[in-house]
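Student: I would like a close look at one part of this structure. Could you take me through the surroundings of the ligand, and then a sheet elsewhere in the chain?

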Amino acid sequence: MTTTQLLSLTGVSKEFPGVKALNNVHFDLNKGEVHAIVGENGAGKSTLMKILSGIYKKDTGNIVYQGNNVNVSSPNEAQKLGISIIHQELNLMPDLTVAQNIFIGREDRRKGRVFLDDSKLNKAAKDLLAELELVLDPKQKVGELTIAKQQMVEIAKAVSYRGEVIIMDEPTSSLTPAETDALFKIIRTLKAAGKGVVYISHRLEELNKITDRITVLRDGEYVKTLNTPETSIPEVISLMVGREVNQDQRPEVRPLSNEVVLRVEGISDLNLLRDVSFDLRKGEILGFAGLMGAGRTELARSLIGADPKTAGKIYLNGKEVKIKSPSDAVKVGIGYLSEDRKKYGLLLIQNITFNVILSSIPAFSNRLGFLKTKPAGSIVRDAIKQLSIRTPSENQYVKNLSGGNQQKVVIAKWLTRDCNILIFDEPTRGIDVGAKDEIYRLLTKLASEGKSIIMISSELPEILRMSDRIAVMCEGKLTGIIDNKDADQNKIMQYATKFRD
Ligand SMILES: Nc1ncnc2c1ncn2[C@@H]1O[C@H](COP(=O)(O)OP(=O)(O)OP(=O)(O)O)[C@@H](O)[C@H]1O
Ligand SMILES: [Mg+2]
């Protein structure tokens, strides 16, 4: 062991019923190092980190921390040792404030009872947030924050323990480029202070910017550890998926139908949206690009009646329709795949079958309202195969699936339902490169079968690869619609920032 080694895991195995999540995996971390773990959805990254942070017990294996054998038997013990984790699925209390969430469990205790000294908490949170240069109000309720801001709260919370090891499980999946840069700054500060950072991400282009080494896992097995300066993204990808994946494609040029299936005219809402109009054609993929907060999700939500419109009309195949609620939207054949799977997309304590067909219960229930599980089961098994959802069976609880596989369940849910218009909000967030490819193929297939797709995405390469036309929003307004052949990242960014200085 060198003196700079902070941590080493060897021979770690972990089995869940029907799933060998980890098989004889090893991993080590040095002081002042950022060490990435990459791998496809379900490869075992989060499981390994949950073992290290005391959430799961390992079946076999050794953990040496600061030169000593340790047995991290609980999250509490991990914290005492100085190991903290930012979870992939955010773990905050929506009804508590930012400050309360950061310091949860560590409030002042006086006179034998829990006593929350809010002014002290708020002050401590304010100082910490200032130190990390995060713009957050300590007193705001976390449930009112965007996912990106919640992510920031998680980051602040993990740093507040002042430990030696900080594990970040996909911290940037919902962050904008600017927010990501702010996080990288924090990581560099931690690194300079001699801390060790474990960094999990599906955004492989980040690895070059921030990591020193990269460990690749595949199907629960250790594949290889690479020195970042000596490797390349294509090498990492081929180790991850065992094949080459072409990341930079443009869509095959398909003749665009003139048939307008959806016409949106002058939609405004209470807060952000101002007079948004566009049309969507049969078999078209219409990409929606823009910076975070441009109003794309708000537009989708007001289209499907989840949020009230203050003005505007919606026409389906030329006829005006009134959509007052998401169930109205589904009735007229518009499905919305939410960006926040935990809040709107899935019931985590139900199994895959339930989640996938829940959204189309009338089609699968008999007259008494009971689920006819048999045909449903085979449809769900098909979807599992089509989307390569990694699970022992369709009866697995969704909470037991890896993050990316949960996202695929949300997609499966909408695919089994017969909607002619599908709105996908960040469909590949948290999804590995190989599976992204499958999802792209699937969306293209749906479009070629005549479905019309609105795809909201913050990833410009994805927008350029998938969209027939690209609608760009900025501050609640639609600033342009560009044909794919005329579009590039620069042009999109110009429209996306048109109303900014
Ligand atoms: N509590 C659990 N019960 C049953 N199976 C589980 C549990 N936790 C994880 N698994 C399974 O272990 C495997 C590894 O999951 P893990 O969450 O570690 O993947 P991951 O590499 O983090 O993937 P992702 O990129 O999608 O987050 C998956 O097949 C998952 O379904
Ligand atoms: Mg994970």
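Tutor: Here is a walk through the ligand shell, one helix in it, and then the sheet. Keep in mind that the model is predicted.

Start with ligand 1. Its shell holds 21 residues. The closest are Phe16, Asn41, Ser46, Ser402 and Gly404. By kind, the shell has 13 polar residues, five nonpolar and three charged. Domain 1 (5-241) and domain 3 (346-418) each give at least three residues to this shell. Look also at the elements: strand E2 (19-30), helix H1 and helix H15 (403-415) each supply at least two.

Now take H1, residues 45-52. Is this helix mostly covered or not? It is mostly covered, with eight of its eight residues buried. Ser46 is one of them, and so are Lys45 and Lys50. Ser46 is also among the residues closest to ligand 1. After H1 comes Gly54, with a positive phi near 80 degrees.

Next, the sheet. Four strands make an open sheet, ordered E14-E13-E16-E17, with antiparallel pairing. Strands E14 (276-281) and E17 (319-321) stand at the edges; each has a single partner strand, so one side of each lacks a neighbour in the sheet. From one strand to the next, the twist averages 20 degrees.

Within the sheet, E13 (residues 260-269) and E16 (residues 309-316) pair over six bridges. In one of the pairs, Ser268 has Ala311 in E16 as its bridge partner. Helix H9 (residues 296-303) packs on the sheet and touches E13, E14 and E16. The direction of H9 makes about 110 degrees with that of E13.

Key: Residues numbered from 1 in each chain as written. Chains lettered and ligands numbered in written order. Predicted model: local features only at pLDDT ≥ 70, side-chain atom pairs only at ≥ 80, totals over all residues. Buried ≥ 20, exposed ≤ 12 C-beta atoms within 10 Å, placed from the backbone. Pairing = 2+ DSSP bridges. Axes fitted to C-alpha atoms, helices over the stretch in contact; angles between N-to-C directions. Contact = placed C-beta atoms within 7 Å. Near = placed C-beta within 6 Å. Nonpolar A, V, L, I, M, F, W, Y, C, P; charged D, E, K, R; others polar. Domains from an automatic or database assignment.
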